[in-house]
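Visitor: Please put the chain and its model on the bench, and let us go through them in turn.

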Amino acid sequence: MSEQVTRSDWDQWWRHAVIYQVYPRSFNDANGDGIGDVRGIIERLDYLKSLSLDAIWISPHYPSPQADTGYDVSDYHDVNPDYGTLADFDELIKGAHERGMKVLIDLVPNHSSDQHEWFQAALAAGPESKERDRYMFRYSEDGAPNNWGSIFGGPAWSPVEPLTGKEEDRNWWYLHLFAPEQPDFNWQNPEVHEFFRDYLRFWLDRGIDGFRVDVAHGLVKAEGLPDDAIGPDRWTVTDQEITEEGPAWDQDGVHDIYREWRSVLDEYGRDRVLVAEAWVGDPKRLADYVREDEMSQAFNFEYLEAGWRPGKMREVIDSTMAENARVGAPVTWVLSNHDVVRHPSRFGFEPGYDTDSGIGFDDPQPDLEIGMKRGKAMSLFTFGLPGSAYLYQGEELGLPEVTDLPDEARQDPTWLRTNHKARGRDGCRVPLPWKADPADTGFGENPWLPQPDYWASYAAETQEDDPDSFLNFYRRMIALRGERDLGSGSFEWIEGAGGDDVLVARNGDTVLVINMGEDEAQLSGLGSVLITSGDVEEANGTVSVPANTAVWLG
Ligand code: GLC
Ligand code: CA
């Protein structure tokens, strides 16, 4: 009989962790070829450590034709040669561990690259073969087998015949919820299960501490693949909710997969984590991903999307805390990642303004003066909340979205697949500026995405020595979060302290305040200033917090 595992047996580090997302292509380039690499990450381990991180999560590092910057994996058991070797990766894991940081990698189980040997074998083997059963091939004489659209624009089905040139493939289609270069696996096939169990063990054996699970809500599709309500061109649907709903998403069957993986992870110890990337709008359904015998955490995208709206923020904080408490899992907090417009730029628009399609040079531009203030204030409030907090590389430098990328430089498949309707996500993926030299900020002369002229003014090296820099603010904030144990703290609202637009809450003996209104707020008797995102004044036990500013009191 297998031993009963309960969450309280686990090492709890992840419950209050601060986790930094490394997007390897854009993080740091050790050999100057314009592409970030594993040695580049190794070079910056001390920098990462200086942020008091508990863990880093590395976006896909595998061999990949880069149809979706690495989320099209052609070999799950190796390192992209542009990034380095398995030996380099082992050194990275070791270096991170020596500095007390865990390493999470990105598990991409919904689809492989079309260049993966399994998909190539499937094409070669022909209709109704066991090789094709590992993916979602369907026969339909009357156009695509259903009306589903790809997340990146256009239909989610592509015909097989143009790929093989074989008559027998006429009227055969394969499913790709993302780009055509990303065919969806068939999770009804036991071989797919076995493949990913082996994958988990392969990386766990190398010392990996956990996995961020890509598109965790997509693996299982509704029986019979019925039409959905959105139709094949989701980018023409106005007011489209980013939450993915319908027969392709959040099917109950996905949970069996996570239970299966949980038991593999448990073979390695109780400190290994699974983190769900699941764009599931209903906090109750999202919390199901982090039940006792499933994943450890799920990204709280509701929070990311709450925007500069105090009422909505309160509601999301309350509902996610309540739902997570129900299943005994910690809440996570996240403001930015490689799929969304960087948050200082998001907050530079009117609350509610939709930036889901990205921002181009001819779109309305954010007001960065206000966006930076709000972004910094929101970061401070967020890092004061109990639970686990994520940050996305460059966030600590105060980087805005790059909104003036030349269109011809764009790489995100969304730009092409929507026939240039949606700019896509390249603006948050521009390589980081390390050095203040505009001709070479650390990615040689030809970074894979061009850096704008003003980029060097955000350079880490300049910020390093300035005690008032954004970087040093982030360092103080995360260190203080640790010293005051805010991650494993408690939470209660302090009502009526500053008006409806001022959120005030108590976490242990720290008071968190964010002024989302237009007027200065006066707070009396709640403690003195520990750290602030702006210019607060303090006199006779009263703290004056200007609009667009956050503060921790204690
Ligand atoms: C996830 C990733 C995104 C990727 C998609 C397909 O949403 O975060 O970057 O394009 O999955 O793998
Ligand atoms: Ca390189």
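Visitor: Is Asp 33 buried, partly exposed or exposed?
Guide: This is a predicted model, in which local features need pLDDT of at least 70 and side-chain atom pairs count only at pLDDT 80 or more, while totals for chains, interfaces and linings use all residues. Residues are numbered from 1 along each chain as its sequence is written, chains are lettered from A and ligands numbered from 1 in the order in which they are written, and side-chain values use heavy atoms, with hydrogens and water left out. Buried means under 20% relative accessible area, exposed over 50%, and partly exposed in between (1.4 Å probe, protein chains only). Asp 33 has 38% relative accessibility, so the class is partly exposed.

Visitor: Which residues coordinate the calcium ion (ligand 2)?
Guide: Donors are N, O and S atoms within 2.8 Å of the metal (3.2 Å for Na, K and Ca); water is not among the atoms, so sites may look incomplete. The coordination distances here are 2.2 to 2.4 Å. Ile 35 contributes its O atom and Asn 31 its OD1, and the OD donors complete the list: Asp 29, Asp 33 and Asp 37.

Visitor: How are the donor residues of the calcium ion (ligand 2) spaced in sequence?
Guide: The donors include Asn 31, which counts as exposed because its relative accessibility is 53%. Written as a pattern, the spacing of the donor residues is D-x1-N-x1-D-x1-I-x1-D.

Visitor: Which residues does Asp 88 touch, not counting those up to four places away in sequence?
Guide: Asp 88 lies in helix α4, residues 86-98; helices (H or I, at least four residues) and strands (E, at least two) are DSSP runs, numbered from the N terminus. Its relative accessibility is 14%, so Asp 88 counts as buried. A contact means heavy atoms within 4.5 Å. The residues touched are Val 38, Arg 39 and Ile 42.

Visitor: Which residue of β8 is the bridge partner of Gly 210?
Guide: Gly 210 belongs to strand β7 (residues 210-213), where Gly 210 and Arg 212 point one way and Phe 211 and Val 213 the other way, and all are buried. Two strands pair if DSSP finds at least two bridges between them. Strand β3 (residues 102-107) is joined to β7 by 4 parallel bridges, with Asp 106 partnered by Arg 212. On β8 (residues 273-276), also parallel to β7 over 4 bridges, the partner of Gly 210 is Val 273.

Visitor: Why is strand β19 described as largely enclosed by the rest of the structure?
Guide: Thr 549, Val 551 and Leu 553 point one way from β19, and Ala 550 and Trp 552 point the other way. Strand β14 (residues 510-515) pairs with β19 in the antiparallel sense over 5 bridges, and strand β16 (residues 529-532) runs antiparallel to β19 over 3 bridges. β19 (residues 549-553) is largely enclosed because the number of its residues that are buried is 5 of the 5.

Visitor: Which residue of β19 is the bridge partner of Val 529?
Guide: On the β14 pairing, Asn 515 stands opposite Thr 549 in β19. For Val 529, the bridge partner in β19 is Leu 553.

Visitor: What is the strand order of the open sheet that holds β15?
Guide: This sheet has 3 strands with antiparallel pairing. Its edge strands are β15 (521-524) and β17 (537-539), each pairing on one side only. β15 pairs with β18 (residues 542-545) over 4 bridges, and Leu 523 has Val 543 as its bridge partner there. The order is β15-β18-β17.

Visitor: What share of the residues of the chain count as buried?
Guide: The chain has 16 helices and 19 strands. Among contacts between residues at least 6 apart in sequence, 70% join residues at least 24 apart. Of the 554 residues, the share that count as buried is 61%.

Visitor: What is the mean pLDDT of the chain?
Guide: pLDDT is the predictor's confidence in each residue, from 0 to 100. Here 96% of the residues reach 70 or more, and the mean is 95.
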